[in-house]
Amino acid sequence: MIKLHDLYFKPFISEQEIDQAVQQMVDVISKDLGDEMPVFIGILNGSFMFVSDFVKKYPKPCEVTFIKLASYEGVKSTDDIQRLIGLTQDLTGRTVVILEDIIDSGKTLEEVHRIFKNENVKELIIATLFYKPEAYDKDFKLHYVGMEIPDKFIVGYGLDYDGLGRDLPDVYQLKTTQHMTNLVLFGPPGAGKGTQANFLKEKYDLVHISTGDVFRYNIKNETALGTLAKSYMDKGHLVPDQVTIDMLEAEVNRNAGANGFIFDGFPRNEVQAEALDRILEAKDSEVSAMVALEVEDETLVNRLLERGKTSGRKDDSDEAIIRNRIKVYYNETAILKDYYSAQKKYHGVDGIGSIEEITVRLNKVIDSL
Ligand code: AMP
């Protein structure tokens, strides 16, 4: 993900895919034009990269020139096309190939046709790398199209957002949802995740989703999900992945306008982590960081037995079950440390100390993201 000015953009078309599309256009156009020596005309600014790559690949002699038109303001195509640099040579009798980076509403193309109306060229051929069929409302023929794309604002490979992004070799698409901060709060049972999540959600205005809490809520209300989950939870086993993932996805979707989430108790294994990536990607977002509270086993067992005296949680009152939950955590869940470390998103935080001390440590990490 990248940020240009105030907006976020996500990867959309890779450099390799663009290269392939350009090569295909070169192959078809050079074959169709045969021995005709064309004049390629790029429409500045956006097309400079496309034209450069195109003519480098073009296998036969050709001429290259540019005209400069401007139609964009911010992320909206405007009606007012300005001709900043017009034609500077006589093109009478020549085969002209317009090389456009993108054809959107077609207004720029209309101006191109106006420019060429009295030029007496042999043929005016339109070739565009990107084409938005949903936005195009003109009748001019597009002779060659590299890629059809949806009607979303894109940047990169010559295309800009208010001056930025032209230099990027890949193409990015505007994110339609706002930027979210999504934290995976991590740590063995009894590490203090729930307590700290309550502080974090207030401070950063995030929605806290504890899968354990959602299961317990369902058990209390005797839902079908609760009955199913109870059979696993009472033994300290994990509830099956698909059940948990579906439930989590529903919770995320219920909070569509959230600034972000604190995931507490989820993901617990790699399957769930991959599912979370998918769920957030569908919202144009991603996990910002995994913040892990690190506490040694004996402290955990003592803390949980203490909590079990008042919480009424069956899985907190039996030392063997507690030890099993901790074991499950290290066997299955700790793998996630590698998963998020590989993405440079893992942040370990010392979970021993007063609640306030630990909160300060967590805030420091989150503020640095
Ligand atoms: P917790 O409150 O996070 O300690 O979770 C209590 C119990 O709920 C766990 O021991 C599991 O049985 C179940 N559970 C909570 N989150 C998950 C999850 N992500 N995947 C599977 N089971 C879970």
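**Exercise 1. How many residues of the shell around the ligand are nonpolar, how many polar and how many charged?**

Start with the ground rules. The model is predicted, so local features need pLDDT of at least 70 and side-chain atom pairs pLDDT 80 or more, while totals for chains, interfaces and linings use all residues. Residues are numbered from 1 along each chain as its sequence is written, and side-chain values use heavy atoms, without hydrogens and water.

Step 1. Sort by class. Ala, Val, Leu, Ile, Met, Phe, Trp, Tyr, Cys and Pro count as nonpolar; Asp, Glu, Lys and Arg count as charged; the others, Gly among them, count as polar.

Step 2. Read off the result. The shell holds five nonpolar, six polar and four charged residues.

Step 3. Locate the main contributor. Helix 5 (residues 211-220) gives the largest share, four residues. Helices (H or I, at least four residues) and strands (E, at least two) are DSSP runs, numbered from the N terminus.

**Exercise 2. Find the polar contacts of the ligand listed for Thr211, Val239 and Arg325.**

Step 1. Fix the cut-off. A polar contact is a pair of N or O atoms within 3.5 Å.

Step 2. Take the ligand nitrogen atoms. A polar side-chain atom of Thr211 lies 2.7 Å from one. For Val239, a polar backbone atom is 3.0 Å from a ligand nitrogen.

Step 3. Turn to oxygen. Arg325 places a polar side-chain atom 3.4 Å from an oxygen atom of the ligand.

Step 4. Check the cover. On its own the ligand has 480 Å² of accessible area, and the protein covers 96% of that. Areas come from the Shrake-Rupley method with a 1.4 Å probe.

**Exercise 3. Which two residues does each cis peptide bond join, and where do Asn45 and Pro267 lie?**

Step 1. Leu44 and Asn45 are joined by a cis bond, with omega about 0°. Asn45 is in the loop between strand 3 (39-44) and helix 2 (48-57).

Step 2. Phe266 and Pro267 are also joined by a cis bond; omega is about -5°. Pro267 belongs to the loop between strand 13 (260-264) and helix 8 (270-281).

**Exercise 4. Locate Asp205 and Lys344, and give the phi of each.**

Step 1. Asp205 is not a glycine, yet its phi is positive, about 55°. Its loop runs between helix 4 (193-204) and strand 12 (207-210).

Step 2. Lys344, also not a glycine, has a positive phi near 60°. Its loop links helix 11 (335-342) and strand 15 (346-350).

Terms used: Polar contact = N/O pair within 3.5 Å; in protein donor to acceptor, adjacent residues only side chain to side chain.
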